[in-house]
Amino acid sequence: DGLWRGHMQTAGRNAAQRWAGFRSWWVKAARFDKYWLHGCLLALEMSVLAWVIYACSRDSLERYLHTVQFDDVLASAIAGFSIRQVGWFMLFFAGSAALVALILSGAFAGKRAQWGGILLGFLLVADLARANRPWIKYLDYPMLYASNPIIDKLREKPYEQRVSLLPFRLPPQFSMISQLYRNSWSTHLFPYYNIQSLEDGEVSRLPDDIDRLQKTFSSTNESEFSRDMLRLWQLTNTRCLVGPADILPVLNVRVDSAHHQFRIAERFNIVPKPGAGEITNFAQLTVEAADKGSYALVEFTGALPRARLYSNWQIATNNQVALGQIASASFAPEQTVVVSGALPAASPAAATNQEAGTVEFSSYAPKHIVLKSAAPVPTVLLLNDRYDPNWNVQVDGKPETLLRCNYLMRGVYLTPGSHTIAFRFQPPIGPIYVSLAAIGLGVVLRGIVLIEGRYIDLQVPVPTLQPLPAPSRP
């Protein structure tokens, strides 16, 4: 608005005014305009120097990316993309500064003002289009989010279990299920239908606590790997597994030879979606139930329920100790829960073998969960959802202390009797005030611009009084 009034519209009122060239303007330019142009040139020079240093440090950047959960291919792609973006920034910054400098000099004053506006608009649209082009994807969303028998089964009560892909290296003829799961189910269908999985297909890097948990249960030894997988699935309420149907004997003989807790819930085959035409991506594939299907949804009956009452608990002094306790071979997750920190009461020894009680969901929403419990003894309610300090818990309408259980999950201490427990996610609202202040400032500035513009337009020039001509003599 300031460029338009001061250097394009105003200058255009004088039809005789012409642009004398950049050098002529520079001699008479205002001090602020000169400082602004010098500042832009200095910023551009510093940007070029920083870009050269950044580009020469590509190897260090890739090594850093390796430390934050990116493989070699992704690390190289991210580093190259980032370096190119800095180059694009300098190009558009130089073009913007040059165009504004020409406007300040009067090159687009008067009748040429429309060309200045067109060039500014073109520069803005070109920059935004280039920046947004990699992220714009055209999808056939009815086909992308079309359900199938397995998805229908998993979304009935999604809060009762988590889903995971079997973590084994599959023969090439079964690799299709891994690709379909990672590229379609976990990234599109699971979030769309609120299905909860052990893998989060929407995050590029795992949070530190989840990363440490997975590394703790990822032994390279075959026997320890099987034990770790069982314990991880058990602690995380991972009841459903997806993979080849022929892998069931391996699960019950080699992974869980003691209890045989795996069974096939549904067999299926991978087929093209109706009307998909030529298959070019995994979103065009779906599954259909088949009694002798090559793939299966496998149920692990040993997984802990989403919510459970414990009359026996152990205290861990810190989170790292808690992680070591739940990873110990002597720990029995179905009998004991590990609590980080302190509790109002110690675990009653007499209640160790006593029935802890029952708990059931009254309602389940992503940010508000309500449960009802009944227990004859003091208990700890374990809710197998990830702990976060922004979660609050109320028991019978009264605030209680949120507990960190089994290293990653949350819970609450309950006295004997029947209770209604409500977990609610309430992040701090401080950032909202910053946003509101920014919006208010924008409204005020816009109002000032509008009022100032109307004031200028309404000014009436004061007429100059000229002496009357002397009367002519007869």
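In this predicted model, 6 strands form an open sheet with mixed pairing, in the order S6-S11-S15-S14-S8-S7. At its edges stand S6 and strand S7 (313-316), each of which pairs on one side only. On average, neighbouring strands of this sheet are turned by 35° against each other, direction ignored.

**Strand S11 and its partners**

Strand S11 covers residues 379-386, and 7 of its 8 residues are buried, so the strand is largely enclosed by the rest of the structure. The table lists two pairings of S11.

| Strand paired with S11 | Residues | Sense | Bridges |
|---|---|---|---|
| S6 | 307-310 | antiparallel | 4 bridges |
| S15 | 409-414 | antiparallel | 6 bridges |

Individual residues show how these strands face one another. On the side of S6, Arg308 stands opposite Leu382 of S11. On the side of S15, Leu382 stands opposite Gly411, and Leu381 stands opposite Val412.

**The surroundings of Arg162**

Arg162 belongs to strand S1, which covers residues 162-165. Is Arg162 buried or exposed? Its relative accessibility is 11%. Because a residue under 20% is classed as buried, Arg162 counts as buried.

The side chain of Arg162 has a polar atom 2.9 Å from the backbone oxygen of Thr236. Leaving aside neighbours within four places in sequence, Arg162 is in contact with residues that include Gln196, Ser197 and Leu198. Thr236, Asn237, Thr238, Arg239 and Cys240 are also among its contacts, as are Arg306, Asn384 and Asp385. Thr236 therefore appears both as a contact of Arg162 and as the residue whose backbone oxygen lies 2.9 Å from a polar atom of the Arg162 side chain, under the definition of a polar contact as a pair of N or O atoms within 3.5 Å.

Notes
Residues are numbered from 1 along each chain as its sequence is written. This is a predicted model: local features need pLDDT of at least 70, side-chain atom pairs count only at pLDDT 80 or more; totals for chains, interfaces and linings use all residues. Side-chain values use heavy atoms; hydrogens and water are left out. Buried means under 20% relative accessible area, exposed over 50%, partly exposed in between (1.4 Å probe, protein chains only). A polar contact is a pair of N or O atoms within 3.5 Å; within protein, one must be able to donate a hydrogen and the other to accept it, and residues adjacent in sequence count only if both atoms are side-chain atoms. Contact means heavy atoms within 4.5 Å. Two strands pair if DSSP finds at least two bridges between them. Axes are lines fitted to C-alpha atoms, for helices over the stretch in contact, and angles run from 0 to 180 degrees between N-to-C directions.
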